[in-house]
Amino acid sequence: MFDVIVIGAGVIGSSAAYQTAKRGFKTILLEQFDFLHHRGSSHGESRTIRATYPEDYYSSMVLESSHLWEEAEAEIGYKVYFKTIQFDMGPLDKKSLQAVITSCKENSIPVRVLDHSQVSEEFSGVFELPDDWIGVVTKQGGVLKPTKAVSMFQTLALKNGAMLRDNMEVTEIKKDDVRGGVSVLTRNGEEFYGKKCIVTVGPWMKILVQKVTGLVLPIQPLETAVHYWKIKQGFEDKFTIENGGFPTFASYGEPYIYGTPSLEFPGLVKIAVHGGRACEPNERTWVAASPAVVDSLKQWIEARFGGLIDPNGPILTQSCMYSMTPDEDFVIDFLGGDFGKEVVVAGGFSGHGFKMAPLVGRILAELVADGVAQGVDLKYFSIGRFEGNPRGNVKDFDDQVKSH
């Protein structure tokens, strides 16, 4: 009998297993594929970390997560978090960008708002903005190394006594009326018993929860693509953290575009559209983004970078997955029903949850240990918010993610 069974060994599940094991709970982490596989949302070369959110509840979560990333790095002995500034840009009248500025001020995050000429001066002419655009600069930015980070949490979980098993596809979760807790069955016939269970299966969340309980969570997998573009010769240093102080960045508008400094592939910079096309996680096409998406990126790059990046097409393209909720907020809650508080689910991270994995891991550990999480208001992440309200949380600014 385990104290905690964690299903799904992406970054959230691996962080949760680390946190429960660290608290002395007998923990097992189950993964349906090989560890560190490329079929979900927790692989690849880079993710951004930023505290600039229109929703003020996320900004405070990111600040705590930043400290927890550093704590985990100190424990493991190597870096997965590379700090730089965050630069947001967009039209002055963009509601979501104005909400970002307000959120920063409410969370006591130092923020500087620049006009287009000040942006050019700040970044030595690298960014070129239209006259009616503004730039928003904050210190809380950076790049996370995803696969390395997942490996870090799995290693720390092992170090703290957890058991890890991959190629264990969970097909059933049942309430154990004899011993209490739950019974977890896998496709290869193994069965595990746990007092509590944490489900963090990413794009497979809707499928597994519906099979186990009949409940349909509004979590839609999207297949997305990230693109790497060639920096023109002689300008490479302008796009690095070390030499150029280049930021992680986001461009508010249609499309919503984000990017990272040149880090993983020298001479290339990641610039991608935040969004994707609906898919089923077991039926992915692995096809690159549509020509329309790539064309929008080409136009944006040509307009924003003044000839410093080759806009003719990406050098590299990688496929990844989002798990989208209608309001783009997470789902972190007890499954309820017959399971009561014995099963916790965490999913629907909507393309922006990776940065908060250390904090979400802590929250999940506290939920299975104490039934409550400290310092975070989970009402925004409840399953019940969709009952009679398919859109979920109401927001008074424009949506950022579109399906293409």
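Here are some exercises with worked solutions on the predicted model shown above.

## Exercise 1: Aromatic pairs

Task: Find how many aromatic pairs the structure holds, then describe the pair of Phe-123 and Phe-127 and the pair of Phe-330 and Phe-381.

Solution.

Step 1. Start with the total, which is 26 aromatic pairs.

Step 2. Recall how such a pair is characterised: by the distance of the centres and the angle of the planes.

Step 3. For Phe-123 and Phe-127, the centres are 5.3 Å apart and the planes stand at 75°. Planes over 60 degrees apart count as edge-to-face, and that is the class of this pair. Both Phe-123 and Phe-127 are buried.

Step 4. Now take Phe-330 and Phe-381, with 5.4 Å from centre to centre and 25° between the planes. Planes under 30 degrees apart count as stacked, so this pair is a stacked one.

Step 5. Place the second pair along the chain. Phe-330 sits in the loop between strand E16 (316-324) and strand E17 (331-334), while Phe-381 sits in the loop between helix H9 (357-370) and strand E19 (402-403). With their positions 51 residues apart, the pair links distant parts of the chain. Both Phe-330 and Phe-381 are buried.

Step 6. Finish with the wider picture: ring pairs join Phe-87, Phe-123, Phe-127, Phe-239, Phe-246, Phe-249, Trp-300 and Phe-305 into a cluster.

## Exercise 2: Charges over rings

Task: Work out which rings lie beneath Lys-79 and Arg-304.

Solution.

Step 1. Lys-79 is positioned over the face of Phe-82, 5.3 Å from the ring centre.

Step 2. Arg-304 is positioned over the face of Trp-133, and here the distance to the ring centre is 4.6 Å.

## Exercise 3: The partners of strand E11

Task: Decide how enclosed strand E11 is, and list strands that pair with E11.

Solution.

Step 1. Strand E11 covers residues 220-230, and nine of its eleven residues are buried, so the strand is largely enclosed by the rest of the structure.

Step 2. Look at E16. This strand pairs with E11 in the antiparallel sense, over nine bridges. Across from Pro-221 stands Ser-323 of E16.

Step 3. Turn to strand E15 (residues 275-278), which runs antiparallel to E11 and is joined to it by two bridges. Glu-223 has Arg-277 of E15 as its bridge partner.

Step 4. Add strand E14 (residues 268-273), again antiparallel to E11, with three bridges. Lys-230 has Leu-268 of E14 as its bridge partner.

## Exercise 4: Tyr-53 and helix H2

Task: Say whether Tyr-53 is buried or exposed, find its contacts, and then describe helix H2.

Solution.

Step 1. Tyr-53 belongs to the loop between strand E3 (47-48) and helix H2 (56-76).

Step 2. Its relative accessible area is 2% and the cut-off for buried is under 20%, so Tyr-53 is buried.

Step 3. Leaving aside neighbours within four places in sequence, the residues in contact with Tyr-53 include Tyr-58, Val-62, Ala-99, Ser-103 and Met-356. His-352 is also in contact with Tyr-53, and the two side chains make a polar contact of 2.9 Å.

Step 4. Move on to H2 itself. The helix has 21 residues and spans 31 Å from first C-alpha to last, close to the expected 30 Å.

Step 5. Residues of H2 that are buried include Tyr-58, Val-62, Ser-65, Trp-69 and Ala-72. Among the elements that cover the buried residues of H2 are helix H1 (11-22), strand E4 (81-91), helix H3 (95-106) and H9.

Step 6. After the helix comes Gly-77, whose phi is positive, near 100°.

## Exercise 5: Backbone details

Task: Identify the peptide bond between Glu-254 and Pro-255, and describe the phi values of Leu-36 and Ser-124.

Solution.

Step 1. Glu-254 and Pro-255 are joined by a cis peptide bond, with omega about 0°. Pro-255 lies in the loop between strand E12 (248-251) and strand E13 (257-260).

Step 2. Leu-36 is a residue other than glycine with a positive phi, near 65°. Leu-36 is found in the loop between strand E2 (27-30) and E3, and at 34% relative accessibility it counts as partly exposed.

Step 3. Ser-124 is not a glycine either, yet its phi is positive at about 50°. Ser-124 lies in the loop between helix H4 (116-122) and E6, and its relative accessible area of 56% makes it exposed.

Terms used:
Residues are numbered from 1 along each chain as its sequence is written. This is a predicted model: local features need pLDDT of at least 70, side-chain atom pairs count only at pLDDT 80 or more; totals for chains, interfaces and linings use all residues. Side-chain values use heavy atoms; hydrogens and water are left out. Rings of Phe, Tyr and Trp (its six-membered ring) pair if their centres lie within 6.5 Å; planes under 30 degrees apart count as stacked, over 60 as edge-to-face and the rest as tilted. Buried means under 20% relative accessible area, exposed over 50%, partly exposed in between (1.4 Å probe, protein chains only). Helices (H or I, at least four residues) and strands (E, at least two) are DSSP runs, numbered from the N terminus. A charge sits over a ring if NZ of Lys or CZ of Arg is within 6 Å of the ring centre and within 35 degrees of the ring normal. Two strands pair if DSSP finds at least two bridges between them. Contact means heavy atoms within 4.5 Å. A polar contact is a pair of N or O atoms within 3.5 Å; within protein, one must be able to donate a hydrogen and the other to accept it, and residues adjacent in sequence count only if both atoms are side-chain atoms. The expected span of a helix is 1.5 Å times one less than its number of residues.
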